[in-house]
Amino acid sequence: MVKNLFATRWGIISVGAIIGIFAPLLQKWGNPGNMGVCVACFERDIAGALGLHRAAVVQYMRPEIIGFVLGSLIAAYIFREFRSRTGSAPIVRFVLGAFAMIGSLVFLGCPWRAMLRLAAGDGNAIFGLLGLIFGIWIGTLFLKGGYNLGRAEKTHTSVGWLMPLTMLGFLVLMLIFPQIQGQDKNGVLFYSLKGPGAMHAPLIVSLIVGLGIGFLAQRSRFCTMGAFRDVLLFRQTHLLSGVIALVVVAFITNIIANQFHAGFAGQPVAHTMGVWNFGGMVLAGLAFALAGGCPGRQLFLAGEGDGDAAVFVFGMIVGAGIAHNFGLASSPKGVGPHGIAAVIIGILVCLFIGFTMRRK
Amino acid sequence: MSTTVDARGLSCPQPVLMTLDEIKKIDKGEIVVLVDTETSKENVTRAASSQGWSLKDMQEGSEGSYRITFAK
């Protein structure tokens, strides 16, 4: 049996460090400010590219997300870890995915982007990270109390292939209907003419970096939610060391690339409403904790055959559609007209799930 | 005397929680843990060794399931 080097302490630290180099570089190569990689934002952009919402500034079929799933698929096959499985409360995972997305869009970023924002000097990210940790802490109380989504079962290989095939389909759509300068639509795909959705690294660069991160994250089980959960639940710092490596290396890369600007006001794709930066991430952190993984980890799991993680991903994409159609998502001006109500409802839904899905 | 923790089909962090619960209960002896993903195998092994339990035996079953025995 070959020992999995990436599952060691140095393995997870090097994977965090590699992400910490390439995320700021993706920004240098064209991605939006402090958004070299943001799983929630990019899935939201994908929802926009498909027309599930019509927020004109956030529409782009992000190849990083496609790469995350396919890179994980490749790693899982090479190391014989692909296991098609599903049946562990899929509907609950869908709902958690939708609310995780809504919470993330109130903050304007998932845990990945919260780290990257912090590493670039955005002080608002501190409120977001505190919210994230608080939300995860609530999740650990439920886990200690017996909260459980139930067992998944092995199933047909094709079930595990549905998410990778969906991502391949998205890539094919991008090739059939590529972006045309000055046009907001080509065939079935929407494109942004301005705003974050118009800012992106070249397709091939995004795809290759995405594939690389997907591959490494599958091997190392990198998870930005598990990092805090394991410390709170087991006093284990294994995953946390990967996340700390990401922040430290991204900070250094940002300094070198002249992308570090400390402050609160005027940060890229960010607002300064501290309470709701905190509140949005409480909801997201709780939803990720109850679903067992951060948005990146859900993509990597979906790539190695986990049909329940795939349902969570679809929940996030649909949640992004809802968030923008109903005015729940924030903008640099502040929270959306119904963002606060959505956070409160989302937390209540998560508490309902946490209190009622207990064994013992 | 050994007790068995069946964590098959359960995802992170359930297998580790169940193993640590069992460790708290019996303090000494042998625990058999059944898991069916590589990730769970790594996580459970890491958690048990952090509690001073040693890996006594690991048998690979069909389609990547594992029967892991820890002892203290």
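H1(B) and H2(B) come out roughly parallel to each other, because their axes cross at roughly 30° and anything under 35 degrees counts as roughly parallel. Keep in mind that this is a predicted model. From that helix pair we'll move to the sheet in chain B, then to where chain B touches chain A, and finally to a few spots inside chain A.

**The helix pair in chain B**

- The axes of H1(B) and H2(B) come within 9 Å, and the crossing of these two helices is right-handed.
- Which residues make the contact? On the H1(B) side you'll find Pro15(B), Val16(B), Thr19(B), Leu20(B) and Ile23(B), and on the H2(B) side Ser40(B), Asn43(B), Val44(B), Ala47(B) and Ala48(B).
- Sort those contact residues by class and you get seven nonpolar, three polar and no charged.

**The sheet in chain B**

- Four strands of chain B form an open sheet, in the order S1-S2-S4-S3, and the pairing is mixed.
- Which strands stand at the edges? They are S1 and S3 (54–60) of chain B; each has a single partner strand, so one side of each is left without a neighbour in the sheet.
- Going from one strand to the next, the twist averages 20°.
- Here's where the mix shows up: S1 (residues 2–6) and S2 (residues 30–35) of chain B run parallel and are joined by five bridges, while S2(B) and S4 (residues 66–71) of chain B run antiparallel and are joined by six bridges.
- If you'd like a residue pair to look for in each, Thr4(B) stands opposite Val32(B) in S2(B), and Glu30(B) has Ala71(B) in S4(B) as its bridge partner.
- H2(B) packs on this sheet and touches S2, S3 and S4 of chain B. The direction of H2(B) makes about 5° with that of S4(B).
- A general point to bear in mind as you look at the strands: in a regular strand, side chains alternate between the two faces of the sheet.

**From strand to helix to strand**

- S1(B) and S2(B) run parallel, with five bridges between them. To get from S1(B) to S2(B), the chain goes through H1(B), and this β-α-β crossover is right-handed.
- On the way there's an oddity in the backbone: the peptide bond from Cys12(B) to Pro13(B) is cis, with omega near 0°.
- Where is Pro13(B)? You'll find it in the loop between S1 and H1 of chain B.

**Where chain B meets chain A**

- Between the two chains, 18 residues of chain B are in contact with 20 residues of chain A.
- On the chain B side, the elements that give two or more residues are H1 (14–26) and H2 (38–50).
- Which element gives the most to that side? H2(B) does, with six residues.
- The chain B side splits into seven nonpolar, seven polar and four charged residues.

**Two helix pairs in chain A**

- H3 (residues 63–78) and H7 (residues 157–176) of chain A pack at an angle of about 135°, with their axes 9 Å apart. That angle is why H3(A) and H7(A) count as oblique to each other.
- The crossing of H3(A) and H7(A) is left-handed. Ile66(A), Val69(A), Leu70(A) and Leu73(A) from H3(A) meet Met163(A), Pro164(A), Met167(A), Phe170(A) and Leu171(A) from H7(A).
- What classes of residue make up this contact? There are nine nonpolar, no polar and no charged residues where H3(A) meets H7(A).
- H12 (residues 295–303) and H13 (residues 307–325) of chain A pack at about 130°, with their axes 8 Å apart. That makes this pair oblique too.
- H12(A) also passes H13(A) in a left-handed crossing. Pro295(A), Gln298(A), Leu299(A), Leu301(A) and Ala302(A) of H12(A) meet Ala309(A), Ala310(A), Phe312(A), Val313(A) and Met316(A) of H13(A).
- By class, the contact of H12(A) with H13(A) has nine nonpolar residues, one polar and no charged.

**A backbone detail in chain A**

- Ala89(A) isn't a glycine, yet its phi is positive, at about 50°.
- Look for Ala89(A) in the loop between S1 (85–86) and H4 (90–107) of chain A.
- Why point out details like these? Most residues other than glycine have a negative phi, and most peptide bonds are trans.

Methods. Residues numbered from 1 in each chain as written. Chains lettered and ligands numbered in written order. Predicted model: local features only at pLDDT ≥ 70, side-chain atom pairs only at ≥ 80, totals over all residues. Contact = placed C-beta atoms within 7 Å. Nonpolar A, V, L, I, M, F, W, Y, C, P; charged D, E, K, R; others polar. Pairing = 2+ DSSP bridges. Right-handed = clockwise from strand over helix to strand, strands pointing away. Axes fitted to C-alpha atoms, helices over the stretch in contact; angles between N-to-C directions. Parallel < 35°, antiparallel > 145°, perpendicular 65-115°, else oblique. Left-handed = near helix turned anticlockwise from the far one by under 90°.
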